[in-house]
Every structure is written in structure tokens, then in C-alpha cells.
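Okay, thanks for coming, everyone. I'd like to walk through the salt bridges and then the core, so let me put the model up.

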Amino acid sequence: MPICAIDDGITLLQPELLEDEELNGVAKAGCASCCELHKNPAKLLEDVMDQVSGRIEDLLTLSMASGNELQIAHFMTTYYYAGTTYGQYNCNTCFEEHYQDSANDENGSEAAWEFDFLRRPSGALVPFHWTGNIAKPLNDCEYYIYKNGDTLRVKFNDDITQVFSDDILIKCEYSSSTEKKEMTLPGRGVTYTENGDSYTFQCVNIRELTELTIYDSAKAAPFVCHYIPRSLRTFGAQAFSLMSNTALDADVVTRVISSTDIADTAGYSFSAFFPGGGQPDFGTPDSCLVKDFFNQYETLMAKYIELRYGDNLMRGYWHKINTGLVPMELVVFERNSTNLDRFLETRTDIKFDSNNERYEAVSRSLKERFPFGEQTIAEYKYYGTEQQMESTY
């Protein structure tokens, strides 16, 4: 990812940026009753199926909390940059680069600059420009950095402050008009060990293990998440399960495998969502993301496929019914540029209900690209007909 370019006139050119979110992405002000591991990680896909820039998350574990403590979430996200899909472990948010220098311009006046580059939980590398004791991001988000002794602190709108020491996240703090909370990483009840490319998490409250294997480095994809339910671990855990009258759920997802190999889409075609034909033909995909969800019996429970074709995107989701997987949901984003900065986005949503009835909806909007992302400037109803209606922003 380019950082900046400096010409003879000491002009800073805008770097290319990944979209980021305003939320802190690590801590939440919760309580012990909220500390539940997602039993079916496939459900997390539902929140991002309809977002072009939506990031696929795999929840690893969530710490306990009581009194003045924060909960610390541990999860993996994926992000797409320059034709490649990367993985990001959220608690590995850190300061990766620091630049500080000065020079004289043609009139002999000194110009000085200072930048820090923060790798966010979303995977975005965000540049911050320092002015005095405050550094603001170049992506126009409202979070900011300030210095406090030997630490750097990032303040967010959700009242969370992330505390960094030696560029590494060590603690999160929460402060509102009525209460204050804090927690050092990895959070109460969570143990965290690292062995090469293997990360293992265990939460006392959940009584479960999560193993994460990352290939090549902490920012590589694909990765494998392996969830070990308490009922499968030890006799003591099995006894606990029986005592609580919790039956073994055959639909529990215990292993999630991610892949960027197009060969892993074999047998699952988007044409299944178009039984009468009419599937868009975008050509050969530029990139691919596949997620396979298995239960404790190694049965494939769900499959997610994301294919990108330049600016066009297709996301499909299959889930298990009876003995096999059936198509459940597909979202298609088709973009046609009207000029260099504007494009018409056609979004098609296709869903199958429990009776295999097919439903399709099409919406269109006009969007504009900016250095920091995209913005919707118009939405249409009955597009291309005499009854066309337009809402502008």
C-alpha cells in the first residue's frame, strides 16, 4: 500500500486508502451474561452479504467482564486490496510505520511533517497526520490519536480508547459520563498462546477452545478456524453438558476453512440461483474467497463463495438441508461507469425460503468515488421506465 509521494515542492500526495469503520473493533462495554461464543459462525455472514465492502468475520472468543471491566473480542477479518485477499486478526492492530522529517522550500522556509500509520482491526492501514499533540486520520474518520507519556492512545466515538505501548495494543479503556471501565489484553478468562502460525484461545467462561492457523504470516489468507465444543473435549466437559441438559447440536459449526483457490468452488455454481437462466456473465473472476463450514462430524454444513470481477461482485451462500447443500442467498453488484468518478450500481438480491420458493429484488443507485471511499448520490425506483423516480442526496 503506497504511503505518500513527496515532490521538489514538498507537496504531500494523497495515499490510496482502504475503507475503515468508526468503531474501535476490539473492546465492548458488556457484562458476563453477554459472553457467549457464536455456536454457528456461518450466521455472521448474514450481516455482510449485502455490503460491497463488508468484511467477513470469524469470531474466535470473547472475554468475560464484570464491574468496571471491558469485554475483549478476538476475531479474524478479511480485506481485499490490489487483487489479493488478506487476513487480519483484530487484536494485532498496531502502529506499523512512523515518518518524521523536514526540509527547506525554495524560499528557505522550513516545512516539517510527521505521520503515523495504524493497522486497524479491519485490515486498513490508516495514515495519521500530527499537528501538535493530536494526529487525525487522512480517511476523514472521527477517531484520532493523542500522546500520553510513553503511550499512544486512539480515541473512538463509542467512548473506547485503545492504549498502545511500543506500537502494540496493550489495553482498552471506556469512559462515559456515568462510568469508567478498562481491560488489558487478552481479557479476563481468556488465555492466548502462539506457536508459530498457530494461535490458540481459551475462555474460562465459555469452556471452549478455538484454534486459528494462519498461513505465511498474520496478514495472510487463507486461514483455518477450528472450534472445539466443550462436549467434545474431556469427560468432565461432557458431564457438565449432560448435567445442564444440553443436547449435542448436530448443526454446531466447529471448523471453518477459508480459501482463495477457485478450484474450491467446484460443484457450486451461481447458476443454481438462476434456474430459468439469466445469470450475469462477468467473464473470468479476478479473485475468489471460499468459506466451508463443518460440524463436529466433519459434515459440510454451509458454503460461502465470493467472486470479484473488476468492480463487479457476486456473493453466494449455500446451507445444509437433509443430505446436501442447497442455494440460500445470492447478492450481485454490477457497476457501470457513467464517467471517471461516477457509476451506476445495480444490486440484485436472490433468496430461497424453507419451501425452496425463489424471491428476487433489484435496486439501482448512482454512486461517486472519492479519495476516501464512495458515496451514494441518487437512488432510483422503476429505473429505465416512464415511471422512473429518483431520490438525490
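First, what I'm calling a salt bridge: a side-chain nitrogen of Lys or Arg within 4 Å of a carboxyl oxygen of Asp or Glu. Keep in mind this is a predicted model, where local features need pLDDT of at least 70, side-chain atom pairs count only at pLDDT 80 or more, and totals for chains, interfaces and linings use all residues. Residues are numbered from 1 along each chain as its sequence is written, and side-chain values use heavy atoms, with hydrogens and water left out.

By that rule, we get 15 salt bridges. Take lysine 147 and glutamate 114, whose closest N and O atoms are 3.8 Å apart. The lysine sits in strand E9 and the glutamate in strand E6, so this pair ties together parts 33 residues apart in sequence. Strands here are DSSP runs of at least two residues, numbered from the N terminus.

Buried or exposed, then? I use under 20% relative accessible area for buried, over 50% for exposed, and partly exposed in between, with a 1.4 Å probe and protein chains only. Lysine 147 is partly exposed at 35%, while glutamate 114 is buried at 14%.

Now the core, meaning buried Ala, Val, Leu, Ile, Met, Phe, Trp, Tyr and Cys residues joined through side-chain atoms within 4.5 Å. The largest nonpolar one has 29 residues, and Ile145, Val154 and Cys172 make the most contacts inside it. Strands E3 and E10 are among those supplying at least two residues each. There's also a second, separate core of 16 residues, including Phe282 and Val332.

Methods. Helices (H or I, at least four residues) and strands (E, at least two) are DSSP runs, numbered from the N terminus.
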